[in-house]
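Subject: Handing over a structure

Hi there,

Here is the structure I said I would pass on to you. Have a look at it first, and then read on for what turned up.

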Amino acid sequence: MRFKVQKRIFFYFLMSVAMFSFGFTYAQETVSGTVIDENGPVPGANVIVQGTSNGAQTDFDGNFTLQNVAPGAVLQVSFIGYQIQEIPVDGRETINVTLQNDQESLDEVVVIGYGTQKKSDLTGAISSVKSAELAERPSASLNQSLAGRMAGVNVTSGSGRPGGRSVVRIRGNTSISITNTPLYVIDGVILNVASLPNGSTPIDYLNPNGIESIEVLKDASATAIYGARGANGVILVTTKRGTTSGATHLNYDADFSLGTLPEKRELLNSEEFLRVEEIAYANAEKFDPNGWAGGRYTDPRLKRTDPRLFDADGNPLYNTDWQDEAIRAAFTQNHQLSLRGGDKEGNYGLFMGFRNEEGLIVESWLKRFSSRFTLDTEITPWLRVGGSLSYNDQNEKQVDQLGGGGITTMRQVFEALPIIPVRYPDGSWGSNIDYPGMEGGANPVAVANDRRYFLKTQTVLGNVYSNISFNKNLQLRTTLGANIINQRNDYYGGRDLRFIGAPDGVASVTNTRYNSWQFENYLTYTKDFENEHSLTAMLGLSWQHVDTFGATASTRGFADDFYGFNNLGAGSNPQTPSSNRTAYGLNSYFGRVNYDYKSKYLFTLTGRADGSSKFGPQNQFAFFPSAALGWRVSEEDFLKQNESISNLKLRGSYGATGNSEIPAYSALALLQGGTVIFNGDRVAYTAAQRMVNADLKWEKTKQVDVGLELGLFNNRIALEVDFYRKLTSDMLLNAPVPSSSGFTNVFRNVGSMENKGIEINLNTVNFNGENFGWDSGFNISINKNKVLALSGGSDIFLGSTLIRVGEPVGTFFGLIDEGTWNTGEADQAARYDRLPGDIKYRDLNDDGAINSDDRVIIGKGIPDGFGTFTNTFRYGNLELLVDLQFQYGNSLMFRDEHSGEDRQTIANSFKTVLNVWTPENQDTDIAQIRPIAAGYDTNNDSGKLKDASFLRGRNLMLSYTFKPDLVQRLNLNRIRLYASVQNFFVVTKFPGYDPESSNGGGAFDQGFSLYDYPRPRV
């Protein structure tokens, strides 16, 4: 059996290093030509057949010759300091090229809200990533693909499971209670930022392999065009479409990978667990003398009589390593097929994908089928129409959902006793309760198998557009988009799962439908005047409607586990069903003016008026304006001929955006229904639950941004720096109200918050030879968050986090752990009713009691800074990518220690408990072992707060692009083979699986770690 497992893993490993990309082409020919600029021939320019390694460099006279070029191929011509040219061959044998004297990065066209713009003309803070970069690190979701790509964009993994939820923050948190999630716009279709019932968002179901580019709008000049929903930043996603080259392209891309656990946690083995239990019994008299005298405690050696677990001498028969049993090598395969074709008059694209991903934990997986069709066509010279339609079907088996009694698979990995087996010889599951006096439920493998949590999500995302050109300057674009999500959650907790489904099983089925449609029209006017003045003006309007409906049915009491959730009628104890429906709408009017003079002086003015049905009648509309200035200093006469400075631009912006993502009807009074027993009968009732707040209005965020863009030596060194300050006012909070009102909470506007920081992005071309090249990229983001005001000045407590004026959100609040009391401090410990060996907390009030008044600020969950450092080395057809990620200045509340270090007599423990307090070992922060009934101090204190700074080896990838002569003999135009290792090392002081994972779930719970699903090394 072991040989078969090892053989399977070895087979998976071989496939994991084989990742392919193919493209087909047709008949071949020879193409030659000359590359020049305004001064004459350009020697050393690169000429390559797009999508292949078939290329050449121009000689001293600018001449080149290429063999085996398909008639429908596209030549890509590039040279440092010039714009990349893409030229269709169209069957020609001679092609002459004139390069434009400008750097590619400046002439790159980026997507902005309701249009596009050259990067050189931007006045706002916008970052961009292209499909080639996304392909370097395949992932299950777009948010995971974004991690570390851009300055100012912090992506935190909530879970290492397949498709696990990621949290994205752009320039910090702007709200204390509602969403801080950015707005996502896919091909112009605005997705709702509110989470679906399971905590996911619509963006989680997009196939990242179908993306052409991602633009992130960060400052107010860029985001104000989205008004009421732009305060948290905007992520614009452009998907791949057909081609305009006249050629037809068929591409197949595949990758296979194997995920493994980077590092195991050290847990007690059977001998250590039993020894610890005996030590606890020996200490029981010290910590609970009354219980000892009353016979509460029994020598644990007397209960080791179960012949299934112990031999005749009381020695354990099993020594189970639950990490080995519950965590596996996880195989993933990802296949992408695309067919693209067309010309400038019309094009089409068909894209299909399949992803099958196993999770590290047994029984967890994700399967996704995706498809998308695009069509663009020119009906007449003045009318162009098109659209796209995508369908995704994603199925997941999740094992990290919280169950009854706080039971999850990962918690049981830590707490399951090593003395019990996965299964007994008769096939029944082993369980903690098989050993008397223990807490917990079934073992983790049983929980993963018999707790069935399936999530099926079907999404449709589509849009159609028409583009009418009234003349060469004036165009009208009309778009109609829709996003439809149907989601079903099937759940069954087995009859033998203690706390989860025992004793009779529990089943439920939840169906949720999410519908969103939008209709937008906008006019765009462009005009150049006398080659000095350039004007682009846009004016538009938008309507959007969102509605959701959900229904849940559940039951208990099954005779066996056969039916599960497939037949709720088989349960003998049906529960009360529930359903809900919400709907809201937005009306919007927006406009933007871009003006530049001589391509040196740039000006942008933007405004959007949004009306939402969520707010009170007096505040349903709000206006969000912004203005920005840019100065391309390098275009001035005194710098234009400078040989060192190739680009220098200064820009600044100021504007306002909003946050409207409160629940629908939040300004209205709320009714609730239920049943009561009246005169012996169950009677339905309806009563008021929440009071009205007609003055409720938007959160507003005002932001100022100052940026510098510098390019040196033909842009071989490119530096971009942004300083910003964001001020959020009228923050929305579901705040408590006096109980005399008859209510508990009402949504209202309270307080203000500040974010300020700096973003630095540096890209360098260190070496660019014919056979060897080396590029580097570095970015760092530093953000400081502070609450400026709260209504009434009162603190807001959210579990172990605190919102207080003058402090950042997500601040940890708790007792200060000073280790343990030693024998020389026995008298002082007695003041607090403690003994040597107990946890020692600092008494700030010196009142002889440890209570809530002794809690202070002990840390924060938001990092001071984060960033990446990448290096790409090229030698011939070989390319090596080294991608590093870092984060510093934040802490994680490591709640795993709650069960791992203070429950030794009712569950298994971390091996750190072998370093507990003893009379011979008093310099330790782990309390002396005792039975749980004798009392432990277990708090979210400074001792459980860990430094979460880290340096991660995020991606190491080696690729080889095969030579054209071999490829063309196979009637292909490209074969690329690559192997990579993701998450290949982590340097950190954090004692858990991963310092970045966090599953607290709240708005500021990114600093909580509790039984995290580990992140794999892939």
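Leaving aside neighbours within four places in sequence, T657 is in contact with T223, A224, G227, G230, A231, F624, E699, K700 and T701. Please keep in mind that this is a predicted model. T657 itself sits in strand β32, which covers residues 645-659. Is T657 buried or exposed? With a relative accessible area of 2%, T657 is buried, because the cut-off for that label is under 20%.

Next, have a look at G172. You will find G172 in the loop between β14 (166-170) and β15 (183-186). Its relative accessibility is 16%, so G172 counts as buried too. Which residues does G172 touch, once its neighbours within four places in sequence are set aside? They are N755 and N783. If you want a sense of distance, try G172 and W821: their C-alpha atoms are separated by 40 Å, and the two positions lie 649 residues apart along the chain.

The same loop brings us to the salt bridges. The count for the model comes to 54. In one of them, the side chains of D705 and R171 meet, with an N to O distance of 2.9 Å. D705 belongs to strand β35 (residues 699-712) and R171 to the loop between β14 and β15, so this pair ties together parts that are 534 residues apart in sequence. Both D705 and R171 are buried. The two also belong to a network of salt bridges that links R171, K218, K649, R651, D705, E709, E720, D722 and E759.

Two other salt bridges are worth a visit. D288 pairs with R296, and their closest N and O atoms are 2.8 Å apart. Here the two partners differ in cover: D288 counts as buried at 12% relative accessibility, whereas R296 counts as exposed at 51%. R513 pairs with D547, with 3.3 Å between the closest N and O atoms. This second pair links distant parts of the chain, as R513 is in strand β26 (residues 506-529) and D547 is in strand β27 (residues 533-556), 34 residues apart. R513 is partly exposed, with a relative accessible area of 31%, while D547 counts as buried at 11%.

Now for the strands. β23 (residues 383-397) and β24 (residues 451-469) pair in the antiparallel sense over 15 bridges. To find your way along that pairing, look for L383, which stands opposite I468 in β24. On to the next pairing: β24 and β25 (residues 474-493) are also antiparallel, with 19 bridges between them. There, S466 stands opposite T478 in β25. How many residues does the hairpin from β24 to β25 run through? The hairpin joins the two strands through four residues.

There is also an open sheet of five strands, in the order β12-β17-β18-β15-β16, with mixed pairing. β12 (126-130) and β16 (189-190) stand at its edges, each with a single partner strand, so one side of each is left without a neighbour in the sheet. The partner of β12 is worth following: five bridges join β12 to strand β17 (residues 211-217), and the two run antiparallel. V129 has I214 as its bridge partner in β17.

Last, please turn to the surface. A nonpolar patch of about 770 Å² is made there by F767, F772, W774, Y875, L878, L880, L956, L958 and V981. Which strands each supply at least two residues of that patch? They are β40 (772-789), β48 (878-888) and β51 (950-961). F767, another member of the patch, is found in strand β39 (residues 752-768). At 43% relative accessibility, F767 counts as partly exposed.

If you would like a place to begin, you could start with the pair D705 and R171, both of which are buried, and then move to the nonpolar surface patch that includes F767 and W774.

Happy browsing, and all the best!

Conventions:
Residues numbered from 1 in each chain as written. Predicted model: local features only at pLDDT ≥ 70, side-chain atom pairs only at ≥ 80, totals over all residues. Heavy atoms only, no water. Buried < 20%, exposed > 50% of the residue type's maximum accessible area, 1.4 Å probe, protein only. Contact = heavy atoms within 4.5 Å. Pairing = 2+ DSSP bridges. Salt bridge = Lys/Arg side-chain N within 4 Å of Asp/Glu carboxyl O. Patch = residues over 30% accessible without salt bridge, like charges linked within 9 Å, V, L, I, M, F, W, Y side chains within 5 Å. Areas by Shrake-Rupley, 256 points an atom, 1.4 Å probe, with all protein chains shown as cover.
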